[in-house]
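Ready for some practice in reading a protein complex? Work through each exercise with the structure open beside you, and try each task before you look at its solution.

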Amino acid sequence: MSTHEHTHEHGGSGVYVKTLLALLILTILTVAASYIDFGSGNVVIALLIASIKASLVALFFMHLRYEKAVNAVIACSGFLFLGIFLMFCFIDFDTRDDAKALDPQPVMYGPAKPAGAAAASAPAAEAK
Amino acid sequence: MANTLTSRGKIADHPRPEVNYLNASKGIWSWMTTVDHKRIGVMYLVGVLTAFLMGGIFALFVRLSLLNPKHMLFGKVLMSAETYNRVFTLHGVIMVFLFIIPSIPAALGNFVLPLMLGAKDVAFPRLNLASFYLWVIGAVMAICGMIFGAIDTGWTFYTPYSTTTSGTVTLMVMAVFILGFSSIFTGINFVATVHKLRAPGMGWFDMPLFVWGIYSTAIIQVLATPVLGITLCLLALERVFSIGIFDPKLGGDPVLFQHFFWFYSHPAVYIMILPGMAIISELIPTFSRKTMFGYRAVAYSSVSLALLSFIVWGHHMFVAGQSQLATVIFSALTFLVAIPSGVKMFNWLGTMYKGNISLETPMLYAISFLLLFGIGGLTGIFLGTLSTDVHLTDTYFVVAHFHYVMMGGTVIAFIGGLHYWWPKMTGRMYTEKWAALGCVLVFIGFNMTFLTQFFLGSKGMPRRYYNYLDQYQPLHAFSTYGSWVIGLGMMITAINLLASLRKPYDAPDNPWGGTTLEWKTSSPPIEHNFEDQPVLERAPYDYRPEPVAH
Amino acid sequence: MEQQFDTSKIGMWLFLVTEVLLFGGLFVGFGMMQARYPQEFLEAHEHLQRPLGALNTVVLLISSFTMVMGVLSAQRNDKKKLVMYLILTIICACIFLCVKYFEYSHKFEEHLLPPRWYQAQPGDTVRDAAGNVSHGYGTFFAFYFMMTGLHGFHILVGIFLLAWIAIRAHRGEFSSKYYTPVDLVGLYWHLVDLIWIYLFPLFYLIK
């Protein structure tokens with residue numbers, strides 16, 4: 001019954017070192033990529049690289065690669081439902097007729113001034 | 001005399017053990033530091049029923065205030081508009097967060113789940129106790145909030161009113177945050193328990209359907225509640241630090257708050273109903289003495305209901321300012337989510353068909369559930385249909401709908417389950433006559449109160465309104481009389497159950513002839529649940545005669 | 001024992017999922033506000049110190065490595081290495097918090113704060129006729145503080161957990177037969193790293 005201890009070790013330190021190197025390289029990559037303007041692709045590329053890094057951490061550092069599937073299912077479901085939340089919020093926001101017109105001039109606080117004067121500028125914002 | 005049973009009940013074939021979980025250790029400290037899931041379940045039961053009483057009293061006051069348009073009682077105005085807003089808000093907050101969400105999982109589920117699985121306890125007993133204490137802390141904070149000014153935002157805390165109004169919004173919101181963690185810990189515990197602590201021989205499809213229901217509920221508790229947590233944090237931070245996310249004056253978007261809020265709160269209503277359905281799936285086979293019709297369909301529908309519940313939240317926001325595309329998508333998905341519930345209804349009816357039905361009190365509650373949840377569920381479809389919702393939203397129609405599903409559904413199932421497992425939990429049998437009377441009164445009173453409100457709503461009476469036009473007075477009055485009948489029924493039920501505690505132990509192991517594992521141990525169970533680890537030999541709901549072994 | 005280990009792991013993963021959704025809500029809020037104030041968020045994020053953010057990213061990645069090496073040491077019954085790796089992880093965490101402290105001080109000095117205290121910067125272009133700046137800048141920093149603050153709080157809790165585990169390890173409570181708490185704290189720590197992996201590009205890098 002207690003001969004199980006050795007089955008938990010997977011590949012040893014080699015795997016972990018390689019994973020760390022990959023993560024560091026991807027970090028350099030994502031910083032480098034941020035200096036180039038891909039237009040609307042900026043967000044996609046940054047999140048893509050982040051997701052690859054996250055997957056490496058989850059698969060190797062967190063041992064999902066080697067363990068029973070149930071843990072991976074639980075992990076994925078968390079991200080899946082988060083994605084659903086995000087997706088529907090954006091569907092709503094992007095297809096609203098007057099989304100940006102919610103508040104055309106959303107300004108209130110002025111240039112360098114103490115907090116007390118914030119109340120004084122509030123009427124200015126209200127007047128619009 | 002003590003063993004007056006129905007013919008289906010099995011008399012204990014071993015003597016009642018001297019020591020059970022109730023008397024194994026004595027004194028308040030032993031209860032306060034217990035990690036026994038049964039004791040924790042009992043403590044939760046006392047807590048949630050106290051909350052139910054509080055919320056119920058607030059409800060009676062709401063209805064009393066609406067007896068006539070001038071809010072007059074014995075020549076005096078009963079309450080001001082501000083007070084009225086506070087009373088219905090607190091009724092909602094207490095009922096939703098302190099009572100109904102924890103009720104079945106934490107009070108009954110905690111007690112019954114390990115027994116049904118043939119386990120000694122839940123996966124994380126100390127986490128279970130922590131979960132209970134978080135409930136207590138949240139409850140105390142909520143009560144403090146009520147005493148120190150209360151809130152009048154409605155239980156939904158919509159912005160920008162909730163971000164700008166005075167009142168103890170931050171305190172209440174933090175109380176609910178803590179209650180949320182209580183719920184999360186319960187969910188984590190139950191998922192792990194169902195995965196890992198089943199008895200030998202019990203595969204996934206040998207589990208009782210109550211377990212499937214609680215498991216599905218636990219999934220929602222884990223996935224949805226954190227979003228409530230962050231929503232409430234953001235609300236508090238908006239109030240304190242003016243972040244600018246929900247308040248339009250700060251450039252925020254109030255509809256975004258509603259997205260955040262309902263992403264949890266819609267799955268939350270499935271946290272409420274799934275355990276209720278889970279109980280019904282136990283009651284109906286037992287009191288029809290027939291195996292569950294379509295076991296797998298019911299199991300799959302529980303899980304799919306849990307998952308589908310996450311993609312329909314926008315149906316609470318049809319007129320809030322959502323985009324038209326989002327509205328249409330959410331409406332279509334709402335029709336989808338009705339299907340698993342429908343599947344269950346037909347399976348329950350199919351189980352009863354040609355069954356050997358006996359009408360003990362738990363079964364009376366189960367049948368009430370079928371009628372009341374049927375109405376509640378169907379009216380949900382009316383509200384999910386855009387063209388009708390535009391007229392019915394924010395009217396009493398909605399109020400009637402959700403009371404039919406939450407009270408006619410969950411509360412009825414809860415009380416039915418309470419009666420079902422009462423002998424197991426307490427070792428005593430309650431008096432059947434009074435219990436049945438209580439059920440009938442609650443059923444009649446409930447319909448008096450809430451069926452009326454469908455008419456009120458479709459005739460245009462808005463919800464949460466202090467004043468109303470004279471033409472609505474007869475319906476409002478009738479609804480209030482109904483609330484008194486509910487009160488009477490609940491009182492009789494409560495007194496009957498409590499009175500049984502004054503008797504000595506008289507309940508057999510299996511008063512109802514149930515087939516699930518909790519009936520194989522004594523009433524009340526011993527501390528470690530079973531003398532020997534049970535091994536599952538029969539499928540659940542297998543009512544064929546047992547082979548004569550010993 | 002095996003069953004208990006598996007059960008604890010499931011429980012921990014379920015807890016981690018709740019953390020993902022908790023932080024995720026903030027990410028959704030950030031995303032929605034960014035869509036609302038694209039120009040303001042773009043200009044505001046220029047004030048963040050990219051090198052410090054990158055440094056913190058590297059520090060956390062290394063700390064994840066030392067953490068998993070600690071778990072490996074436990075699996076190999078190597079008490080000395082276990083304690084060493086745990087201490088290294090704690091050191092990395094403390095470096096992270098120090099860097100954070102410098103970043104936060106800079107923000108406070110420059111009044112790069114939530115809307116109530118935000119002071120307009122020279123580069124802020126979205127203004128009204130009177131020269132008042134848009135809420136969007138303050139909102140960016142509100143999210144910056146909320147998200148990095150909550151993350152930092154989790155790092156702090158992590159330090160306490162790691163210290164507790166290190167003390168227990170030093171007392172010889174863990175072996176290749178029983179190292180569950182080390183594994184569970186490790187999972188928590190990796191999640192904290194995971195969250196930063198997403199926070200860093202979103203706040204510091206994206207144009």
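## Exercise 1: The largest nonpolar core

In this predicted model, the largest nonpolar core holds 264 residues, and the members that touch the most others are Val191(B), Val211(B), Leu14(C) and Val17(C).

**Task.** Find which helix supplies the largest share of this core, and list what Val17(C) touches.

**Solution.**
- Step 1. Look at chain B: helix α3, residues 81-117, gives the largest share of the core, 23 residues.
- Step 2. Now go to Val17(C) and leave out residues up to four places away in sequence. On chain A, Val17(C) touches Ile74(A), Ala75(A), Ser77(A) and Gly78(A).
- Step 3. On chain B, the partners of Val17(C) are Val222(B) and Leu223(B).

## Exercise 2: Getting to know chain C

**Task.** Describe the elements of chain C in order, then say how much of the chain is buried.

**Solution.**
- Step 1. Count the elements: chain C has 6 helices and 1 strand.
- Step 2. Put them in order from the N terminus, and you get α-α-α-α-β-α-α.
- Step 3. Take the dimensions: the C-alpha trace of chain C spans about 70 × 30 × 25 Å along its principal axes.
- Step 4. Check burial: 52% of the 207 residues count as buried.
- Step 5. Check the confidence too. The mean pLDDT of chain C is 93, and 100% of its residues reach 70 or more. Among the elements of this chain, β1(C) has the lowest mean, 84, while helix α4 (residues 79-110) has the highest, 96.

## Exercise 3: Where chain C meets its neighbours

**Task.** For the contacts of chain C with chain A, work out which element of chain C gives the most residues. Then do likewise for the side of chain B that touches chain C.

**Solution.**
- Step 1. Start with chains C and A: 52 residues of chain C are in contact with 50 residues of chain A.
- Step 2. On the chain C side, the elements giving two or more residues are α1 (2-36), α3 (50-75), β1 (133-134), α5 (135-170) and α6 (180-205).
- Step 3. Of these, α1(C) gives the most, with 13 residues.
- Step 4. Sort that side of chain C by class: 30 residues are nonpolar, 14 polar and 8 charged.
- Step 5. Turn to chains B and C, where 26 residues of chain B are in contact with 25 residues of chain C.
- Step 6. On the chain B side, α6 (169-196), α7 (209-241) and α8 (254-288) each supply at least two residues, and α7(B) gives the most, with 10.
- Step 7. By class, this side of chain B has 19 nonpolar, 6 polar and 1 charged residues.

## Exercise 4: Two checks on chain B

**Task.** Test the span of α6(B) against what its 28 residues should give, and test the radius of gyration of chain B against that of a compact globule.

**Solution.**
- Step 1. At 1.5 Å a residue, α6(B) should span 40 Å; its end C-alpha atoms lie 41 Å apart, so the two agree.
- Step 2. This helix is mostly covered, with 22 of its 28 residues buried.
- Step 3. For the whole chain, a compact globule of 550 residues would have a radius of gyration near 24 Å; chain B has 23 Å, so this agrees too.
- Step 4. Round off the picture: chain B has 15 helices and 2 strands, and 56% of its residues count as buried.

Key: Residues are numbered from 1 along each chain as its sequence is written. Chains are lettered from A and ligands numbered from 1 in the order in which they are written. This is a predicted model: local features need pLDDT of at least 70, side-chain atom pairs count only at pLDDT 80 or more; totals for chains, interfaces and linings use all residues. Two residues are in contact if their C-beta atoms, placed from the backbone, lie within 7 Å. Helices (H or I, at least four residues) and strands (E, at least two) are DSSP runs, numbered from the N terminus. Ala, Val, Leu, Ile, Met, Phe, Trp, Tyr, Cys and Pro count as nonpolar, Asp, Glu, Lys and Arg as charged, and the others, Gly among them, as polar. A residue is buried if 20 or more other C-beta atoms lie within 10 Å of its own, exposed if 12 or fewer, and partly exposed in between; C-beta atoms are placed from the backbone. A nonpolar core is a set of buried Ala, Val, Leu, Ile, Met, Phe, Trp, Tyr and Cys residues joined through C-beta atoms within 7 Å. pLDDT is the predictor's confidence in each residue, from 0 to 100. The expected span of a helix is 1.5 Å times one less than its number of residues. The radius of gyration is taken over C-alpha atoms; the globule rule is 2.2 Å times the number of residues to the power 0.38.
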